[in-house]
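Welcome! Have a look at the sequence and the model shown here, and then let us walk through some of the details together.

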Amino acid sequence: MLNDSTHHLNPSLLRRKSPLREVVESTVLLALAVLLFRTFAAEGYLISTGSMAPTLLGYHRRVECPACHFAFTRGAAFDKPDSTMNIAAANLDIPLDAYSATQCPNCSLSEINARKAPRNEGDQLLVQKLAYEFRDPHRWEVVVFKNQQDYDQAYVKRVAGLPGEKLQLRDGDVFVNDQLMRKPYSVQRAARIAVSDYSHQPDDGDPDWQPRWKVDADATGWEFGEKVLSFRDSHPGSTPKMNWIQYEHWIRTGGNHVSRVALSSWPQDLHIPSDPRFRYEKGELICVGTFSAFEKQKWLTSTDDEAFHRAIKKLYAESHVAPIVDAYGYNSYENRAHSNQHDLMLSLHVSKLNGAGQFEANLTDGADWFRLVILPERREIAVLRSDSSEPIWGGRLSADVLTKPFELDFSLFDQQIVIAINGKPLHAPIEYVPTQKRQSLRRPARIGAFGVNCEMTDLKLYRDVYYTTKGEHPDQVYELADDEFFVLGDNSPVSLDSRVWENPAVPRSSLIGKPFVVHLPSRQKEVHWKGKVEHVRVPDFTRIRYIR
């Protein structure tokens, strides 16, 4: 039996609270909850600069190339100084007028007016503040930490060196205690930078442009569509012969690469040019950068010498196939770096792959070729090095993989081979050592087939981050104490990070936390009203993502 007192409540307790009091109490409780959450759990930070682009964006403009319609982001941190910027890490020496023109990273169209695109806010990060209370950051993790000179300012970078290590940057890579540090596949995917996208072909009719994927002269069965590449075996049952398409890194203009074409003698009816970018020396035509279609036509019409004509035409073609370098569409012309890139990833979606023959994708790092081979009828997949018949790795595809479209990644980042299907690696990373000095990459990829049918979409080539050295001592070795970290920005040419700070190390006590999600992003949308164009902020759900 219950005590009688439980049945007789104080009438005052039955009175309802006033609506105003409920609102005030709820507001106070919410404020306390938010304060506690921000103090002990998570807090939001706004990125203002492009030191981590394209992984994380600062103030930027979303530009669409008028020729190939490839969309990319362009840094806009210096258009208008903003006191709300609380993560600052960019090269402040970039002149403002450098942002009025940009170059398409996909088709190399120059002089695109970036200011026509509206200016968007940077990524907003939600930072887990307790992440490093019980453990240290892992290598390649993105971290937020306090500026040691101004504790009211926070930076965001990627951890490259851990406590007690000796770190050095060599040829774009990170070495610790003389060992190459390799990125896991998840970080490769997060930090990779687009070099070429087949789905976006230029339509401007520029005579100085040619498609980057080309069919070999003796190849058959390939069909190039606007978005789809397909192969149909035109000689089933005949002697197997690989039919190749080759990637050439064609650029429209510019570059500092050198092209040479043999020419036994200069035409007698022409004056030898004195231009340092185009000259004739010791039986060779030499060109620095690209040789334009206008220049080609000018020289072709200046003489009837057939040998000279052949050499000029060859020089025109060779000069436009340039090395892949660590250029960023995000940066200004003044800050485009020119270091040769060796770490590439080929990515494509494959569908309708069937037949008793063979499908191959080949990549090189400038020293060795690596072959990814798929035998669809037997559901076998293997990786071979150069012309070796002995696989480095082999496996079998599950029965359902070939029955529907799948995404295939083939990566040579950081001197390791990774094959992944639908974002999941098929094996542990395969480490290797180049057999010779790596050369610049002008024709780094090819795809071949025989005896099969297939279709490919979203054919893309990516490159890895190339960490540039800065300062007077490019071979500098950084030694970290037992409570210090070395950090780098993904946008290496302009990032202010451990390479340039007077004190390169970040102490453990400066760590704020781990950013884990980009949240509440927005973009500018044009609104036409009474003959005027206004811009309003609207949610941009495509930028919501977890941070790797």
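The report below covers confidence, aromatic rings, charges over rings, and strands.

## How far to trust the model

This is a predicted model, so a good place to begin is the predictor's own confidence. Averaged over the protein chain, the pLDDT is 87, and 87% of the residues reach 70 or more.

Two stretches call for care. Residues 1-15 have a pLDDT below 50, and this stretch has 2 contacts in the model beyond near neighbours in sequence. For residues 29-37 the pLDDT is also below 50, and that stretch likewise has 2 contacts beyond near neighbours in sequence. Where pLDDT is low, the predicted coordinates should not be read in detail.

## Aromatic rings

Searching the whole structure turns up 15 aromatic pairs. One of them joins Trp 266 and Phe 308 in an edge-to-face arrangement, with 5.2 Å from centre to centre and 80 degrees between the planes. This pair links distant parts of the chain, since its members are 42 residues apart. Trp 266 belongs to the loop between strand E18 (258-262) and strand E19 (278-281), while Phe 308 is in helix H4 (residues 306-320). Both Trp 266 and Phe 308 are buried. They also take part in a cluster linked by ring pairs, together with Phe 278, Tyr 280, Phe 291 and Trp 299.

Another pair to look up is Tyr 478 with Phe 486, which is tilted: the centres are 4.6 Å apart and the planes meet at 50 degrees. Are these two rings buried or exposed? Tyr 478 has a relative accessible area of 8%, so it is buried. Phe 486 counts as buried because its relative accessibility is 0%. Both values fall under the 20% cut-off for a buried residue.

## Charges over rings

Arginine and aromatic side chains meet in the model too. The charged end of Arg 446 sits over the ring of Trp 369, at 5.9 Å from the ring centre. Arg 463 lies over the face of Tyr 328, and here the distance to the ring centre is 4.7 Å.

## Two open sheets

One open sheet is made of 3 strands in the order E3-E2-E6, with antiparallel pairing. Which strands stand at its edges? They are strand E3 (71-75) and strand E6 (119-120); each has a single partner strand, so one side of each is left without a neighbour in the sheet. Strand E2 (residues 60-64) is joined to E3 by 5 bridges, and the two run antiparallel. Within this sheet, Arg 62 stands opposite Thr 73 in E3.

A further open sheet has 4 strands, ordered E12-E11-E10-E32 and paired in the antiparallel sense. Its edge strands are strand E12 (179-180) and strand E32 (478-479), each pairing on one side only. Between strand E10 (residues 166-170) and E32 there are 2 bridges, again antiparallel. Lys 166 has Glu 479 in E32 as its bridge partner.

## An enclosed strand

Finally, turn to strand E13 (residues 193-197). Why is E13 described as largely enclosed by the rest of the structure? The reason is that 4 of its 5 residues are buried. E13 pairs with strand E31 (residues 453-463) over 4 bridges, in the antiparallel sense. To find this pairing in the model, look for Ala 194, which stands opposite Tyr 462 in E31.

Definitions and conventions:
Residues are numbered from 1 along each chain as its sequence is written. Side-chain values use heavy atoms; hydrogens and water are left out. pLDDT is the predictor's confidence in each residue, from 0 to 100. Contact means heavy atoms within 4.5 Å. Rings of Phe, Tyr and Trp (its six-membered ring) pair if their centres lie within 6.5 Å; planes under 30 degrees apart count as stacked, over 60 as edge-to-face and the rest as tilted. Buried means under 20% relative accessible area, exposed over 50%, partly exposed in between (1.4 Å probe, protein chains only). A charge sits over a ring if NZ of Lys or CZ of Arg is within 6 Å of the ring centre and within 35 degrees of the ring normal. Two strands pair if DSSP finds at least two bridges between them.
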